[in-house]
Amino acid sequence: MNKFLLIPALALLAQSVSAQTFQLNEAGYFNAGGTDVMAFSDFYPEGHQGGVCVIMNGHRIATNGDIRLEATPGQWQSVPKQLNRQVADGRITTTLCYPDSSRHLTGFNPMVYPNWQVNYTVTVEPQGTGILVTVDLDTPVPDFLLGKAGFNLEFFPGELFGKPWLMDQQSGLYPQQPNAPLLQLPTNRSHDGDFFAGRGQKADLAQLDGEGYSPLRADDIIAEPYAVGHKFTSRPDDPSQKLTVESYTGDLKLYDGRMNHNNGWFVLRSEIAPGATKGAVRWLITPSVDKEWRYQPVIQTSQVGYLPQQPKRVIIETDLRENEVGDVQLVRIDADGETIVRTSTPAVWGQFLRYRYLIADFSDFTDLGLYLVRYGNSRSSVFRIDDNIYERGVWQPVIEYFLPVQMCHMRVAEKYRVWHDACHLDDALMASVGNHIDGYDQSPGLSKYEAGAIVPGVNVGGWHDAGDFDLRVESQAGEAYILALAYEQFHPEIDVTSIDQQRHRVEIHEPDGRNDILQQVENGALTVVRSYQALGRLYRGIICNSLRQYAMLGDAAAMTDGILGNSDDRWIFTEDNPMRAISTAAQLAGAARALRGFNDPLSKECLDIATTLYSQSKLEGRMAGLKLQAAVELYLTTGEQAYLDFILDQQELIVSNISRCSWFTARVAKQLEAKKDKRSKAFVKAFRNALGADKEQLDKQAAETPYGVPYRPSIWGAGWDIQRFGFEYYFLAEAYPEIFPKGIIYDALNFVLGCHPGLNNASFASGVGAQSATVAYGLNRADWSYIPGGVVSGTALIRPDFPELLTFPFLWQQVEYVLGGGSSHYMFLVLAANKQF
C-alpha cells in the first residue's frame with residue numbers, strides 16, 4: 001500500500017476503535033466489539049493457557065494473567081491450584097492457592113513449591129473502557145519471595161518480533177531473540193516447601209536437577225527487564241492489537257521469558273509489595289476495541305485436494321453475527337487465468353464454538369484440474385481434483401522422512417544433511433525407585449537389576465517420541481501395530497530408505513531393496529522385544545535421567561557420550577500395569593503377522609511375548625473386555641481355537657460395549673460369517689444387530705460439528721483423536737459398508753489436511769499440501785523448522801470457545817509430533833481414502 005494512503009486508513013480504523021464498555025456474555029467472559037477478556041476459563045498455565053486472557057480481533061494477544069512466584073516461569077515452575085470460579089454481579093471472581101500438594105515432587109511432571117501457603121482471589125470486572133484486575137491475598141508475601149511473587153501477564157511473541165512497545169516515556173521493539181544483560185537473584189529453591197502429600201512416589205530432586213543449569217531452578221539468572229514504569233502499551237502502532245496496562249500498586253516490568261526457557265513468552269509483571277494483602281495488585285487493562293470489527297470468512301478445504309468421486313464439502317467459517325448468506329464460487333485455474341465453474345448458495349449449518357458455519361457441497365463436480373473457492377472477499381488455498389492426488393508426497397513423507405528421522409540408536413543422514421548422529425548407544429541403566437518425569441515412575445521389586453546396573457541389549461530399535469527423545473512402550477508397540485495394519489490392509493510398496501540395524505545407520509533416499517513400512521514395523525518391534533528379553537518383562541520405556549537432558553534441544557547424539565555405564569546414560573523403567581501389558585500383547589500380535597516372511601525370527605519373538613502376556617493376564621469381569629483385542633489379534637495371527645472361544649464367550653460384553661470394541665472385533669465377526677456352527681452364527685447375528693446402536697452413536701458424534709467428526713480437545717489439539725476416530729471407523733466401513741458409509745473417513749482426513757476450525761487452516765501434516773505446519777514441536781523446533789510427514793497435534797481450544805493453531809514451535813499442545821498414531825493414523829487414513837473401497 002502507498003504510505004500516503006496508509007495514514008488515513010489507520011486513522012479510519014482508529015475512529016472505529018471507540019469507547020465501549022465490556023459486558024459479560026453467556027459464555028462467561030467479557031466482550032466489547034472485537035475484543036474478549038477471559039478469566040480463568042482455561043486450566044493449563046504451564047502451556048500458556050490460563051488466568052486472564054485477552055483476544056483481540058481473532059488473535060490471542062496475552063494470557064496467563066495470574067500470581068506467579070518467578071519473573072519468567074517456565075513449564076517446570078510451580079503453578080497455583082484453582083479452587084473456585086464465580087461469575088456474578090458483572091464480575092468474575094476466582095479463588096486460587098499455593099501450593100498444589102498433589103503436584104509437589106510427584107505426578108506426571110513433578111513441581112517444587114516454595115515454602116509459602118496462601119489463598120488468594122483474582123477479581124476481574126469492567127472499569128470505564130477497560131478491565132480492572134484486583135488481587136487479594138490472605139497472607140503477606142514472605143521476605144524470601146519479595147521481588148519474586150507478583151502478577152504476570154504473558155504476551156505471545158510470535159506476532160511481536162520487531163514490533164514496538166511503550167513504557168511511560170521509554171520505547172522499544174520486541175526482539176527476535178532474548179538479549180542480555182542478565183540479572184542474578186536468590187533462587188526460590190533455597191526455600192523448598194515440605195508439601196509432599198504421600199500419594200504416589202516421591203521424586204528425587206537432586207537427580208532431576210542434575211548439574212549446572214536446571215529447568216527446575218530457572219529463577220536465579222534471568223534477563224534484566226527491558227523497561228520499568230507504571231503504564232505499558234503494546235503495539236501502539238496498530239489499533240487492532242494495541243493493549244495498555246496501568247498499575248495502581250507498583251512498578252510494571254517488561255521481561256523476556258525466553259532467556260531461561262525456549263518456550264517462554266514476553267512477560268509484563270508487577271511485584272507484590274511487603275505486607276500487602278487486600279488489593280495487593282490492581283491493574284487496569286485497556287485493550288483497543290473496534291466496535292465495527294467482524295470476523296472475515298475463512299474458507300476451509302483440503303490443502304491437498306480431492307479425488308473426483310470423493311465428497312467435497314467446503315466449510316465456511318463466519319462471524320456469529322452475520323445473518324446474510326452470499327454465493328460461493330468454485331474457480332478453475334489454468335494457463336489463461338481464473339474461470340468460475342460453479343456458483344451456489346451454501347447451506348447454513350449453524351453455530352459451533354464462537355462462529356457461524358456454512359457448508360458448500362461440490363461432491364458432484366468431478367472435472368480434473370486446479371481450483372480454489374471464493375466467498376465474498378475470502379479465497380481458499382489452491383487445491384487439485386485428480387485421480388492421483390494421494391499418489392505422491394501425501395502419505396509417503398511419513399515413511400520417507402518422519403519415521404526415519406525419529407529412529408533411535410541410529411545415525412540418520414539424507415545426502416548432504418545429517419538429521420542426527422548415532423544416538424543413545426549407551427542405553428541403558430536400571431532406573432532408581434521413585435517418581436521421575438513425563439509419567440515415568442519406578443516401583444520397587446519390579447526388576448531383577450539393581451538401580452544403576454547396566455541392562456544389556458536394549459540399545460536397538462525404537463523411535464524418539466517425538467518432540468522428546470524417550471521411548472515409551474505404548475508409542476513403540478502402538479506405532480508398529482498401526483503400521484502393521486496399514487501394510488496388511490493396503491500393501492503399499494515403498495523403498496526409498498536404507499536401514500542397517502547392525503551398523504546403526506539410516507540413509508534417506510537410498511533404497512535397499514526392502515519395504516520401508518515393514519522395516520519400520522521391525523524397528524518398533526525390536527525395542528519392545530529386546531527390552532522384554534533383557535528384563536524378563538515389558539519395559540515402561542527408556543528416558544533420560546535428568547531434567548536438563550530432557551529439555552535438551554539439538555542433535556539426539558549430544559544427550560549422552562555413547563559410553564555405557566556412566567552418569568549420563570538413560571534409564572530404563574518397568575511397571576506393573578496389566579492394562580498396558582494386554583494392549584501391548586495385541587500390538588505385538590499384529591506386528592507378528594506383518595513380519596512373517598520379512599523377519600521370521602522377530603515375528604516369532606513378537607508372537608511368543610504376546611502369547612505370554614495374554615496367558616499372564618488376570619483381567620476378569622468387565623475388565624476382560626480389555627483382553628478382547630489381544631484375543632482378536634492373536635486369533636487372526638494364529639487361528640487357534642482357544643482365542644476364538646474367548647471371543648465368543650465375550651458376546652454379551654461385546655454387545656453391551658459395542659462402541660468400544662466394534663472396530664477390532666469386526667474383522668473376526670466377518671470371518672465367522674463363513675462358519676456354520678450355531679455358536680458362530682449366534683455371535684455374528686448378535687454382533688451385527690448391535691452395530692445399529694454403534695452406528696447411531698457414531699452418527700451422533702459426527703453431527704456435533706460442521707466437519708462431520710467430533711472435535712473434543714482437552715489440552716492437546718484434537719487432530720490425533722480425530723485421526724484415530726477415522727482409523728477405527730475404516731474397519732467398520734470395510735467390513736459392513738452397507739451400515740457404515742465411507743464419508744467419515746474422508747471427513748477425518750480432510751480435518752487433518754486443512755478443514756478445521758479457526759483462522760489457521762494449514763494441513764497438520766508437515767510439508768503436505770499448499771499450506772502446512774512447517775513450524776513444529778519436533779527435534780528441530782529450536783530452528784523454527786519441521787520434519788516432513790510429522791503430523792502436529794493441531795487446533796487447540798482456548799476455553800471456552802476460541803480455536804487456535806499458532807505458528808510457534810514451542811506449543812506442544814498445538815504443534816507437537818508424537819509416535820503411537822500421530823503420523824501413522826494419518827498415513828492409514830490417506831491409504832484408506834485412496835483405496836476407494
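The legends below describe close-up views of the cores and cavities in a predicted model. Residues are numbered from 1 along each chain as its sequence is written. Local features need pLDDT of at least 70 and side-chain atom pairs count only at pLDDT 80 or more, while totals for chains, interfaces and linings use all residues, and side-chain values use heavy atoms, with hydrogens and water left out.

**View 1. The largest nonpolar core.** This core, a set of buried (under 20% relative accessible area, 1.4 Å probe, protein chains only) Ala, Val, Leu, Ile, Met, Phe, Trp, Tyr and Cys residues joined through side-chain atoms within 4.5 Å, has 187 residues. Tyr390, Ile572, Ile647, Phe687, Tyr826 and Met827 touch the most other members. With eleven residues, helix α4 (residues 473–490) gives the most to this core, a helix being a DSSP run of H or I of at least four residues, numbered from the N terminus.

**View 2. Surroundings of Met827.** Beyond its neighbours within four places in sequence, Met827 is in contact (heavy atoms within 4.5 Å) with Trp395, Val398, Ile399, Leu483, Ala486 and Ile517.

**View 3. A second core.** Separate from the largest core, this one comprises 55 residues, including Ile61, Ile92, Tyr98 and Ala280.

**View 4. The second largest cavity.** A cavity is a set of points on a 1 Å grid over the protein atoms alone where a 1.4 Å probe fits but cannot get out, and its lining residues have an atom within 4 Å of a point. The second largest holds about 70 Å³ of space, and its lining consists of Arg60, Ile61, Phe155, Phe156, Glu159, Leu160, Ser234, Arg235 and Gln241.

Key: Buried < 20%, exposed > 50% of the residue type's maximum accessible area, 1.4 Å probe, protein only. Helix = DSSP H or I, 4+ residues; strand = E, 2+ residues; numbered from the N terminus. 1 Å grid on protein atoms, 1.4 Å probe; cavity = no way out; pocket = protein on both sides within 12 Å on 5 of 7 lines; lining within 4 Å. Points joined across faces, edges and corners; volume = space filled by probe spheres on them.
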